[in-house]
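Subject: Structure handover

Hello,

Here is the structure I promised to pass on. Please open it next to this message and follow along.

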Amino acid sequence: MTKRKFGLGLSLMLAAGTMLAACGSDEGSSSSTGGSEGGGEKEAFSVAMVTDVGGVDDKSFNQSAWEGLQQFGEENGLKKGDGGFDYLQSKSDADYNTNLNNLIRRDFDVVFGIGFLMQGSVTEIAEQQKDAQLAIIDAVVDAPNVASVLFKEQEGAFLAGVAAALMTETGKIGFVGGQEIPVIERFEAGFLEGVAAVDDTVEVDVQYTGAFDKAELGKSTANRMYEGGADIVFHAAGGTGNGVFTEAKERKEADPDANIWVIGVDADQYDEGQVGDANVTLTSVLKGVDQAVIDISNKAKAGEFPGGETITYGLAEDGVGLADSRGAIPEDKMAKIEEFKKKIADGEIVVPETLQ
């Protein structure tokens, strides 16, 4: 495994598908048939999303976006299906274009592409479907009918790094990334900076699995890290990160006194860390994908769809942050984390987006 020590440095969708994707299952490249729950009548406003390969139940990024759409639907009296809110699930990147076109043809007012991996598909469909309103999360598509949403992941990850450096007992921690794409590299860069801001002698083992949907890779990577002495592992790997939790929980179950922790990502992953009466989730880097989806949907509903714009959410906008540690992090260390949080939000600390 490659181990890195970092010094102190401070500084968030070719041809269009010609056939409609199947709509009879929540598995594969579609969800339920729109008309089955939404009736056949179109509501005043409707929204839908296409997941990337991580799936709608990844307990992370896609799931957070879907929860945002569901909340928007509930707040606006919409039903799941055509004329309301819905999603299509992608088994592979070959599904992206087909799923986007499917939702556009089903006449949803705004269609979201969830994740950087959908940048190419959203770009192509936006050019082909100029009357469609599209939004993409975690990437920028320069088109007048696309709203691009970014987050300052590095800021939330910085706080996670501070927490890890304050809490490690072995002086060794780990970072498990999915694919080496800009959004995940922002997580890595911020995490490493946060660690170094507290203690630049702490060793950080950085490993990329190359996938967001392979829990077995997350588990095996975490196993090597814990075996190598790491006591805290931060994952930014979507569904792959579920394997990190599995490994940590197995170790905790085998030895209840083991100092084993996981830092979750995108959503509060506390429940993923439960093992008997204990919990291995130290905290989670929150990323307001759900709130961003709601925000863009509300703007579009009000006739103010931000097509052609890039909207970025950071600490100052409450777009990123840390989840409640439920007492796992002592109050004195939480106070230190809050000091760093205020400095970042105030602009005193500028966290870099890339490795220094």
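Below are my notes on what turned up in it.

One point before the rest: this is a predicted model.

**The largest cavity**

Start inside. The largest cavity has a volume of about 200 Å³. It is lined by 22 residues, and those closest to its centre are Asp52, Phe61, Ile184, Phe212 and Asp266. Three elements give two or more residues to this lining: α2 (61-75), α6 (182-198) and β10 (261-266). Helix α6 gives the most, with three residues. What is the lining made of, by class? It has 11 nonpolar, six polar and five charged residues.

**The nonpolar cores**

Next, the largest nonpolar core. It holds 68 residues. Phe112, Ile137, Phe187, Phe191, Phe234 and Ile263 touch the most other members. Which helix supplies the largest share of this core? That is α5 (residues 153-167), with nine residues. Another core lies apart from this one. It has 21 residues, among them Ile104, Phe108, Val122 and Ala139.

Phenylalanine 187 is a good residue to click on. Leave aside its neighbours within four places in sequence. It is then in contact with Glu153, Ala157, Phe175, Phe234, Ala236, Val265, Asp266, Val285 and Lys287. Of these contacts, Phe234 is also among the core residues that touch the most other members. Asp266 has come up already, as one of the residues closest to the centre of the largest cavity.

**Three helices**

Helix α5 has 15 residues, and at 1.5 Å a residue they should span 21 Å. The end C-alpha atoms are 21 Å apart, so the two values agree. Is α5 mostly covered or mostly open? It is mostly covered, with 14 of its 15 residues buried.

Helix α8 covers residues 241-254. Its 14 residues should span 20 Å, and its end C-alpha atoms are 20 Å apart, which agrees. Its buried residues are Gly241, Gly243, Val244, Phe245, Glu247, Ala248 and Lys252. The list includes Glu247 and Lys252.

Helix α9 (289-301) comes later in the chain. Its 13 residues should span 18 Å, and the ends are 18 Å apart, C-alpha to C-alpha, which agrees. In α9, the residues Val289, Asp290, Ala292, Val293, Ile294, Ile296, Ser297 and Ala300 are buried. Glycine 303 follows α9 and has a positive phi, near 80°.

**Two glycines**

Glycine 264 lies in strand β10. Is it buried or exposed? Its relative accessible area is 0%, so it is buried. Residues up to four places away in sequence aside, glycine 264 touches Phe234, His235, Phe245, Gln269, Thr283, Ser284 and Val285. Phe245 is one of the buried residues of α8. Serine 60 is 204 residues from glycine 264 along the chain, yet their C-alpha atoms are separated by 8.6 Å.

Glycine 308 sits in the loop between α9 and β14 (310-313). Its relative accessible area is 46%, so it is partly exposed. It touches Ala143, Pro144 and Val146, not counting residues up to four places away in sequence. Glycine 308 and alanine 135 are 173 residues apart in sequence, and 9.7 Å apart in space, C-alpha to C-alpha.

**Positive phi without glycine**

Two residues to look at here. Lysine 59 is not a glycine, but it has a positive phi of about 60°. Where is lysine 59? Its place is in the loop between β2 (47-50) and α2. At a relative accessible area of 34%, lysine 59 is partly exposed.

Aspartate 318 is not a glycine either, and its phi is positive, about 60°. It is found in the loop between β14 and β15 (320-322). Its relative accessibility is 69%, so aspartate 318 counts as exposed.

**One last strand**

Leucine 88 is in strand β3 (residues 85-88). With a relative accessible area of 0%, leucine 88 is buried. Alanine 48 is 40 residues away along the chain, and the two C-alpha atoms are separated by 8.0 Å.

Best wishes

Methods:
Residues numbered from 1 in each chain as written. Predicted model: local features only at pLDDT ≥ 70, side-chain atom pairs only at ≥ 80, totals over all residues. Heavy atoms only, no water. 1 Å grid on protein atoms, 1.4 Å probe; cavity = no way out; pocket = protein on both sides within 12 Å on 5 of 7 lines; lining within 4 Å. Points joined across faces, edges and corners; volume = space filled by probe spheres on them. Helix = DSSP H or I, 4+ residues; strand = E, 2+ residues; numbered from the N terminus. Nonpolar A, V, L, I, M, F, W, Y, C, P; charged D, E, K, R; others polar. Core = buried A, V, L, I, M, F, W, Y, C linked by side-chain atoms within 4.5 Å. Buried < 20%, exposed > 50% of the residue type's maximum accessible area, 1.4 Å probe, protein only. Contact = heavy atoms within 4.5 Å. Expected span 1.5 Å × (residues − 1).
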